[in-house]
Amino acid sequence: MKSTREQTEVNPKQSQEELDEIFSMSIDLICIADIRTATFVKVNPAFKETLGYTEGELLGESFLNFIHPDDIEPTRAVVEKKLRQGEKVINFENRYRCKDGSYRWLSWVSHPRPERGLTYALARDITEQKQTEARLIGQEAVQRLLIKLSTDFINVPLNRIQGAITDMLEIVGKFAGMDRVYISTHDLGRGISTITNEWCAKGVPSAMDRRKDIPFNLLADLVEVHKKGRPFYLPCVMEMPKVHGLRSYLQDRGVQSMLAIPLMQEGFCIGFLGMDAVGKIQAFDDMNITPLTLAAGIITNITARQRAEEILRESEAKYKLLVENSNELILVAQDGLIRFVNGKSYDFLGYRPEELTDKPFSDYIHPEDRKMVLERHLKRLKGEILPGVYPFRVIHRVGDERWVEVNAVMIQWEGRPATINLLNDITRRKRADDALRASEKKYQSLFHNSQVALFRTHVDGRLIEINQRYAEMAGYSTVEACMAEFVPGRAWADPGARLELVRILKEKGGVSDYETKIIRRDGTQAWILFSATLFPEQGFIEGSIMDITGRKQAEAEQEKLQDQLTQAQKMESVGRLAGGVAHDFNNMLGVILGHTELALEQVQPPHPLHTDLKEIQKAAQRSADLTKQLLTFARKQIISPQVLDLNRTVKNMISMLQRLIGEDIDLIWKPAKNLWPVKMDPSQIDQVLANLCVNARDAITGVGKLTIETGMKTFDEDYCREHTGFVPGDFVLLAVSDDGCGMDRQTMDKLFEPFFTTKGVGKGTGLGLATIYGIVKQNNGFINVYSEPGRGTTFRIYIPRSAPEEDTPKMQASAISMPGGSETILLVEDEAAILQMTRMMLERKGYRVLPAGSPTEALAQAQAHEGVIHLLMTDVVMPEMNGRDLAGRLTALYPGLKLLFMSGYTANVIAHQGILDAGVSFIQKPFSMADLVLQVRGVLDA
């Protein structure tokens with residue numbers, strides 16, 4: 001059975017590689033930024049491709065330099081008030097400048113790490129969404145503008161025409177965001193254009209008060225453009241040449257931007273609808289200008305109707321004369337026939353007036369509208385009161401369908417009732433209406449097909465309208481099923497969260513990025529991000545929901561990986577510290593042990609100092625053992641591994657281990673059959689088992705049981721990907737289990753830290769398990785621990801499987817026999833005290849010693865020496881040159897030179913990954929005289 005810990009551990013290196021791959025492959029923009037300096041630290045390819053910059057143009061640069069001026073302060077506020085305080089930021093929107101000068105809208109999710117001074121941010125390009133929203137808003141505004149103008153003012157009484165025009169100018173000005181709107185009519189004879197009507201925003205001075213008449217010479221550019229029926233637009237008055245008269249005229253009135261739309265009649269410009277932006281720049285595009293052009297046409301028709309109604313008050317003869325020359329289509333209908341039509345009919349219908357007179361007007365109406373129009377005409381003739389304005393379709397001579405709006409008024413024509421009809425071409429408006437309907441249809445499509453859950457509900461949660469994504473998020477396959485079955489009170493994992501949400505909505509009117517959990521139809525839970533607005537007068541809530549379950553899981557996984565990384569870094573740092581301390585300590589212990597041993601040769605047991613010297617020697621040796629444990633944890637001790645049968649090695653220790661733990665504890669040995677071989681220093685196995693068994697003994701109170709077993713395990717990549725610390729491959733298992741007191745999670749988190757112990761003062765150094773950890777890691781294995789309070793503990797150690805091979809015979813040294821010699825030894829050691837001590841030891845045994853405190857001095861000694869040098873004994877790690885390189889240079893001078901390396905720190909220079917190469921002689925500091933003399937004699941005699 002796989003333990004819980006095995007099932008949840010993940011390989012940090014693999015996970016980091018996968019995160020890096022996701023970072024590079026993501027289509028979203030991802031960056032890491034320094035929140036202290038507001039600069040980019042790292043960006044993914046999508047970030048560079050979207051904005052068009054190279055990595056060099058972004059990294060190290062302040063991201064505030066790329067943000068739209070209007071968005072800089074909000075962005076800076078988010079950095080200072082949220083990110084630097086450690087608060088996550090979700091769905092924050094701002095605009096970034098691309099390399100080509102354009103701007104892209106980005107929606108950000110930022111996860112700050114203030115302790116590092118960094119934030120991890122992901123952005124989604126929402127430019128198209130913003131543009132779509134702007135278009136929809138613009139289209140709705142246009143629809144409202146045109147409907148209001150066409151319905152509220154088309155049938156205004158004659159005595160209210162002037163006031164109505166001023167009201168229309170105000171509506172147009174507020175729609176366009178302009179400060180001054182006016183009508184200016186041309187007087188070709190006088191060469192001026194006169195402002196006849198004007199509306200000004202609050203605080204904006206009137207242009208009529210200062211100069212009502214504008215000379216044509218100032219309007220030359222404007223008039224030229226208007227001749228073609230096109231609007232004249234000045235985005236920025238300051239960009240005009242300083243000598244231009246219109247610039248001075250507009251600047252004198254504080255105008256920064258200007259738009260002038262021609263008022264056209266019969267293809268001729270009779271004036272213009274002017275709009276000024278005072279003290280600011282106002283931008284326009286076709287979406288703005290087109291509805292304003294339609295509004296100008298409505299205003300023109302209103303003023304034309306004003307003129308028509310004034311004419312109708314005159315005599316019929318005079319009326320006919322004036323109407324004939326009107327630029328509007330004016331038609332007199334009587335008994336279903338056209339009695340009079342002015343010259344505008346040719347433009348409107350393609351017929352000359354004489355071709356229409358006394359013809360049924362229904363012949364020129366769209367078949368679907370004929371009955372309606374004729375019935376209204378006849379009812380009006382009978383005296384019934386009907387709305388004077390209504391639309392219908394007419395057919396042009398060429399067969400085109402056109403929309404008109406008629407304003408009908410009862411008159412007497414040649415002594416009999418008739419109607420005079422002012423026809424207004426509203427084809428463009430109808431097309432605009434159709435476009436708006438299409439826009440609404442598109443909006444509905446966006447609503448129902450959006451990948452974000454959208455909704456409108458009553459305040460009590462009952463659904464009014466939802467889209468498909470909302471239904472799916474709630475666990476339903478269709479909108480209809482969700483609308484029918486959804487129960488608001490059951491959807492919240494925390495009912496109090498909904499009450500809090502409603503309170504915020506009622507208090508503030510809206511809520512943004514509210515995180516909570518919901519319960520789906522099948523009972524599963526999901527994290528959501530809730531944003532909504534309360535419309536109290538209408539009694540509903542409208543908003544959106546995003547499923548952030550995946551993001552929440554990713555954040556939890558990220559925190560877990562970060563904790564694992566922090567623990568690994570901490571252990572590595574402690575290891576480096578332990579190794580460094582042990583190296584220097586070894587040198588000092590070597591001097592103490594060496595001089596103590598030299599002194600003991602001169603002081604025999606009867607002497608009073610002999611006992612003291614022996615105590616000094618024991619204390620120094622215990623210190624050396626402690627240093628060896630530190631080096632083991634740091635994975636820098638020297639080992640001599642060999643291929644061995646783990647069962648045989650453990651079996652040889654069983655008797656010793658039983659004596660170690662005592663008779664009250666039952667030791668059970670369970671070896672696996674046909675166990676794979678491992679390559680490991682046998683002494684390390686002894687050390688691991690001894691430490692584990694002592695800990696198990698201390699964890700058992702009274703009688704207990706301790707089990708040692710072996711086994712074989714194979715782990716594939718899929719398993720290791722899900723279990724942190726596990727490595728793919730074949731491994732031999734060594735497991736030690738006890739039924740003692742067990743450990744809690746807090747204890748297990750610190751289990752392998754050096755000097756951490758749960759034992760009392762003087763009962764443990766805290767290096768036992770740290771040493772085991774170092775041994776296992778040095779042999780490319782890993783260790784897994786399972787324990788619960790009151791249920792015992794199991795340590796599982798996994799050592800890589802090794803192929804059988806023939807071991808190199810090891811020299812067996814005897815500490816009893818200490819033979820000397822007369823050979824010449826070149827001794828190289830950069831620590832003066834150790835150099836002097838070792839020299840004294842060797843010379844006492846008859847050797848001739850050439851001492852050198854550095855590799856340079858050693859080379860000089862070798863070149864100056866006239867005789868034979870039999871042995872080079874050198875430290876491994878030295879400032880000028882390492883021992884291996886020195887040996888290489890000297891063996892070139894003395895081909896038969898024997899080599900003996902020594903070190904108290906690490907064998908990585910002469911051995912790969914701390915494992916001694918076959919055939920290389922090595923003595924570890926500190927060493928006794930017996931170890932030294934036997935090792936030297938063995939190398940010389942080999």
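This passage describes the overall make-up of a predicted model and then a number of its local features.

The protein has 942 residues, of which 47% count as buried. Its secondary structure consists of 29 helices and 35 strands. When contacts between residues at least 6 apart in sequence are considered, 60% of them join residues at least 24 apart.

Buried nonpolar residues form cores in the model. The largest nonpolar core contains 39 residues. Within this core, the residues with the most contacts are Leu-646, Leu-689, Leu-692, Leu-706, Ile-708, Ile-772 and Ile-797. Leu-692 was examined further: leaving out residues up to four places away in sequence, Leu-692 touches Val-736, Leu-769, Ile-772, Phe-795 and Ile-797. Another core lies apart from the largest one and has 29 residues, including Leu-463, Ala-491, Leu-501 and Val-511.

Helix H25 spans residues 768-778 and includes Ile-775. The relative accessible area of Ile-775 is 0%, so this residue is buried. In sequence, Ile-775 is 95 residues apart from Met-680, while the C-alpha atoms of the two are 9.5 Å apart in space.

A further pair of residues apart in sequence involves strand E21, which covers residues 540-547 and contains Ile-541. Ile-541 has a relative accessibility of 5% and therefore counts as buried. Between the C-alpha atoms of Ile-541 and Gly-509 the separation is 9.6 Å, with the two positions 32 residues apart along the chain. Beyond its neighbours within four places in sequence, Ile-541 is in contact with Phe-455, Arg-456, Thr-457, His-458 and Val-459, as well as with Leu-505 and with Ala-532, Thr-533 and Leu-534.

Helix H19 runs over residues 549-602, and Thr-549 belongs to it. Thr-549 is buried, its relative accessible area being 16%. Two polar partners of its side chain were identified. The side chain of Thr-549 reaches the backbone nitrogen of Trp-527 at 3.0 Å, and a polar contact of 2.7 Å links the side chain of Thr-549 to that of Asp-547. With residues up to four places away in sequence set aside, Thr-549 touches Arg-520, Ala-526 and Trp-527.

Ser-62 and Ala-38 form another site of interest. Ser-62 is located in the loop between helix H4 (55-58) and helix H5 (69-81), whereas Ala-38 is placed in the loop between strand E1 (29-34) and strand E2 (39-43). The relative accessible area of Ser-62 is 17%, so Ser-62 is buried. Ala-38 likewise counts as buried, at 7% relative accessibility. The side chain of Ser-62 reaches the backbone oxygen of Ala-38 at 3.3 Å. Not counting residues up to four places away in sequence, Ser-62 touches Ala-38 and Thr-39.

Positive phi values occur at Ala-38 and at Asn-91. Ala-38 is not a glycine, yet it has a positive phi of about 60°. Asn-91, also not a glycine, has a positive phi of about 60°. Asn-91 is found in strand E3, made up of residues 89-97. The relative accessible area of Asn-91 is 27%, and this residue is therefore partly exposed.

The packing of two helices was also described. Two packed helices are characterised by the angle between their axes and by the distance between the axes. Helix H27 (residues 855-864) and helix H28 (residues 883-893) have axes that come within 11 Å and cross at roughly 5°. Because angles under 35 degrees count as roughly parallel, H27 is roughly parallel to H28. On the H27 side, the residues that meet H28 are Pro-855, Ala-858, Leu-859, Ala-862 and Gln-863. Their counterparts in H28 are Leu-886, Arg-889, Leu-890 and Leu-893. The residues of this contact divide into seven nonpolar, one polar and one charged.

Methods: Residues are numbered from 1 along each chain as its sequence is written. This is a predicted model: local features need pLDDT of at least 70, side-chain atom pairs count only at pLDDT 80 or more; totals for chains, interfaces and linings use all residues. Side-chain values use heavy atoms; hydrogens and water are left out. Axes are lines fitted to C-alpha atoms, for helices over the stretch in contact, and angles run from 0 to 180 degrees between N-to-C directions. Helices (H or I, at least four residues) and strands (E, at least two) are DSSP runs, numbered from the N terminus. Angles under 35 degrees count as roughly parallel, over 145 as roughly antiparallel, 65 to 115 as roughly perpendicular and the rest as oblique. Contact means heavy atoms within 4.5 Å. Ala, Val, Leu, Ile, Met, Phe, Trp, Tyr, Cys and Pro count as nonpolar, Asp, Glu, Lys and Arg as charged, and the others, Gly among them, as polar. Buried means under 20% relative accessible area, exposed over 50%, partly exposed in between (1.4 Å probe, protein chains only). A polar contact is a pair of N or O atoms within 3.5 Å; within protein, one must be able to donate a hydrogen and the other to accept it, and residues adjacent in sequence count only if both atoms are side-chain atoms. A nonpolar core is a set of buried Ala, Val, Leu, Ile, Met, Phe, Trp, Tyr and Cys residues joined through side-chain atoms within 4.5 Å.
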